[in-house]
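Trainee: I have a new chain to read. Can we work through its layout and its core together?

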Amino acid sequence: MTTKLFGEPVRRREDARLIVGQGRYLDDIGSAALAAAFVRSPHAHARIVGIDADAALDVEGLVAIYAYEDLTGPMAEPLPVLIPHPQLTSPRTGYPLANGEVNHVGEAVVMVVATDRYIAEDACDRIVVTYEELPVVVGVDAAREAEAAVHEEIPDNVAAVHHQETGDVEAALAAAPRTLSFTQYIERSGSIPMEGRGVHARWDADDASLRVYSSTQASTSVRAAIAAKLELSVDRVEVIAPDVGGGFGMKIVHPWPEELLVPMAAIALGQEVKWSEDRREHFISSAHERQQRQEITVGYDDDGRITALDVHVWHDNGAYTPYGIIVPIVTATQLIGPYVIPAYRVKVESVYTNTVIVTPYRGAGRPQGCYAMERTLDRIADALGMDRALVRERNLIQPDQFPYDQHLTFQDGRPVIYDSGDYPGLMAKLKALVGWDDAASLRSAAEARGKLLGIGMAMYVEGTGPGPYEGGHVQVLGSGKVLVSTGLTSQGQGHETVFAQIVASELGVPIEDVEVHTGDTRRFGYAVGTFASRAAVMSGNAVALAARGVREKALRIAADVLEADPGDLEIDDGLVQVKGTPGASIPLRTIAVLSNPLRYAFDEAAKQATQFAIPGSDDKPPVAVGDAPGLEHRDYYSPIRSTFASGAHAAVVEIDPATWEIDVVTYAVVHDCGNVVNPMIVEGQVHGGVAQGVGGALYERMAYDADGQLQNASFMDFLMPFASEVPDVVIDHQQTPSPLNPLGIKGAGEAGVIPGTAAIASAIEDATGRRIASMPIAPSQLYDLMRDENAERTMASAARTTGARA
């Protein structure tokens, strides 16, 4: 493979189209379509006593009204549990429309279809739903207490108990020279993409085919779900993800009720139907993540080396479990990070609450796990009076220990075996990048300005590229254009650029000749989806394998034309040539023409492939046995297990003791995602992740009251960091190629967000000397903490105070 494009910071090819308003998003489609709107529950938990739609029938422009009673066949059954697991013993999912009971504010009860959205909303306002309110469960602590049940048949509110263990934890804790125990919380947040969910459906009654556009991260899976629920043959259903304005995991869930109801209505009415989620709907009826209570006990020696770790997590999964227990599994298996933990036990109890469902949000359980592990190391360092970096260094897996088996089972059902890495190298780079050893002088300079300064760090390991597979198709046209298709979808990651770089490098063609298509079941019918930092690993390797297949065929055909051995040929700048022999060459576009023997010539180029243009062998068929017409190849990449990226982050914060405003003044990242296809895009992914990490640490909290009402379900009230709140990010790369895939790459999409909460919590704690045991933290909460005489102080702060007095 040539390397002239692989590894280069090629500018994103899709940006020119997107930034000038030429993107094609869901709401740009179907301007003449009927519009759907929904009556959603105003209560967190209630029985539906009755639905009176009489007043809505007089609304001019009303087309149809649907409630649960109008659903038939599979549509009247619960939505699927997408990822069953033996430890998910009490799964529950909702219905496309509520069946007699609602379990969170925002659950869909009635769908209205009208000539436009305004009329549909007006009709919704006239529909009267009578409810009988039921007791409400909000938050993990209320779920644990189980004074009320979200689902009557699950009185303890426990959906699943996920348990993994390696080593003898009880014995190791008993023998540990030192132990400490503590409890901490991480609160509920959400992904908040620029574009909400949306669906457009068009039914062609003449050929019984359905085309659906959805703002999704899994078009092929949405296709399968629609076919199953609407009892259609899957070959009669097309699902296309147009340009998608962000997903961050929330759009990997499928099928959303609307993805079924809108096509159902389109078929029933024989007209196009569209629904676009408004912002309040997104807050109260899509998905959230993050909330956990973590109870941690750790055993360690006088040098700070961990001997045993016992973690009990209570995870809030919301009202239903459509995505199974993937987030708890990821927390459980990624928690231990880059460290040697001789004995480890984790128990995650996933509990129901009367709140919006919890599904993966960028990081998908990893930020919570990193928060648990890194704050544990901070406490060990504090108890021993040691440098926090030194404690980490003493526990790190060493480079000569790879592959390193953690003896756990990951979300793909495969073992957690770290394939490659250099964790001490990450630490050394990070300390140099952030100026870790100069923290004291930085603190003194801040004090002179009347500010409190703190520095924190966090390390992580991220399982990326889980299977089961992704595919790629590469085709060279007679024009020289190279078409690349893969089934997974794009939401702004730069796939059009990265996949084009890979194919251009593999084929030896200009990147300008490569055209990439994603997320369209018409072009590629088999795929899994975009999640878990898997696009580059999975589809990147798939399109590379497909390109290699095309290359092999091109060289074989060219060898016949040039009367050369295929091994003596190369492809450079779209020209197949004999190595070291200028002039002995043939354009790749001509090979594409010759690869398809023709009877008819439609243009000058096609004449070259007709039966009288080039004499053939009387002993061989025009298309060889086992071959196929055309210069194209389809291939799939299916990994034996996930590959594991890693990184280390550090944050420097300054805090104003007059207002307790927290300012992240420096943020440093060292990242290892194996071989880097495009460093510019990787850095962009890291920057975006850091912004969400800062938001998750300081701003973004879904605030439910005791009645299950979301108190900040608008941009007026839900805080997100502006560009002014996101620090400049300094980045260094380390590359330890993965031995598990042909390109040696690992995922990068979630790297920026994973350690943010842990690193910033550590920095705030370092600055204030107060124990930070719940995140995110706002200035008002920090103010209260500093005024609380009973608030726990760190030993390091006490030592600094004593030193200052002396």
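**Domains and core**

Mentor: The chain is split into domain 1 (32-134 + 197-244 + 250-285), domain 2 (381-464 + 642-799) and domain 3 (467-595 + 630-637); these bounds come from an automatic or database domain assignment. This is a predicted model, where local features need pLDDT of at least 70, side-chain atom pairs count only at pLDDT 80 or more, and totals for chains, interfaces and linings use all residues. Residues are numbered from 1 along each chain as its sequence is written, and side-chain values use heavy atoms, leaving out hydrogens and water.

Trainee: What area is buried between domain 1 and domain 3?

Mentor: Buried area is the accessible area (1.4 Å probe) that two parts lose on being put together, summed over both. Carbon and sulfur atoms give 47% of it here. The value is about 1100 Å².

Trainee: Which residues of domain 1 lose the most area to domain 3?

Mentor: Look at the domain 1 side. Three residues together make up 41% of what that side buries. They are Gln-217, Thr-220 and Val-244.

Trainee: How many salt bridges are counted between domain 1 and domain 3?

Mentor: A salt bridge needs a side-chain nitrogen of Lys or Arg within 4 Å of a carboxyl oxygen of Asp or Glu. For this pair of domains, the count is zero.

Trainee: Between which domains does the largest nonpolar core lie, and why?

Mentor: A nonpolar core joins buried (under 20% relative accessible area, 1.4 Å probe, protein chains only) Ala, Val, Leu, Ile, Met, Phe, Trp, Tyr and Cys residues through side-chain atoms within 4.5 Å. The largest one has 61 residues. Two domains both give residues to this core, so it lies between them: domain 2 and domain 3.

Technical notes
Buried means under 20% relative accessible area, exposed over 50%, partly exposed in between (1.4 Å probe, protein chains only).
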